[in-house]
Amino acid sequence: STVDREFTLNNVRVELTLPPGMSDAADSSRTRMTQTIPQILPRNIGFVDFRVQVNPDANGFLPYTVRVDAPTGASKTLSSTINVASTPRLG
């Protein structure tokens, strides 16, 4: 292999795993969503958008994971939390 050689990433798969109380906006039964970035050129950034919906009872810091798989590189899994505000209701 060559050290410090730039290369293009093709077909980068991004998988989002949502916590209980969150789901795919198009299909509420799905909590795992996947999108593919066709190409990321050297010294550039690729991104995807996921549309999600939140159950009205979900609130607080909820954990999620993102896994990125590139055919030319190793997989990377990132875990974090998202702060979901409670839904105001009149009782």
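This passage describes the largest pocket of a predicted model and two of the model's residues, S23 and F47.

The largest pocket holds about 190 Å³ of space. Its lining consists of L16, L18, M22, F50, V52, Y64, V66, L78 and I82. Two elements, β5 (60–69) and β6 (76–84), each give two or more residues to this lining. By class, the lining comprises nine nonpolar residues. Polar and charged residues are absent from the lining.

S23 belongs to strand β2, which covers residues 22–24. The relative accessible area of S23 is 8%. Because this value falls under 20%, S23 counts as buried. Beyond its neighbours within four places in sequence, S23 is in contact with L18, S28, R30, R51, V52 and Q53. Among these contacts, L18 and V52 also appear in the lining of the largest pocket. M22 is likewise a lining residue, and residue 22 falls within strand β2.

F47 presents another case. This residue sits in the loop that runs between β3 (32–40) and β4 (52–54). Its relative accessibility is 65%. F47 is therefore classed as exposed, since the value is over 50%. Along the chain, F47 and I37 are 10 residues apart. In space, 7.2 Å separates their C-alpha atoms.

Methods
Residues are numbered from 1 along each chain as its sequence is written. This is a predicted model: local features need pLDDT of at least 70, side-chain atom pairs count only at pLDDT 80 or more; totals for chains, interfaces and linings use all residues. Side-chain values use heavy atoms; hydrogens and water are left out. On a 1 Å grid over the protein atoms alone, a cavity is a set of points where a 1.4 Å probe fits but cannot get out, and a pocket is an open set with protein on both sides within 12 Å along at least five of seven lines; lining residues have an atom within 4 Å of a point. Grid points are joined across faces, edges and corners, and a volume is the space filled by probe spheres set on the points. Helices (H or I, at least four residues) and strands (E, at least two) are DSSP runs, numbered from the N terminus. Ala, Val, Leu, Ile, Met, Phe, Trp, Tyr, Cys and Pro count as nonpolar, Asp, Glu, Lys and Arg as charged, and the others, Gly among them, as polar. Buried means under 20% relative accessible area, exposed over 50%, partly exposed in between (1.4 Å probe, protein chains only). Contact means heavy atoms within 4.5 Å.
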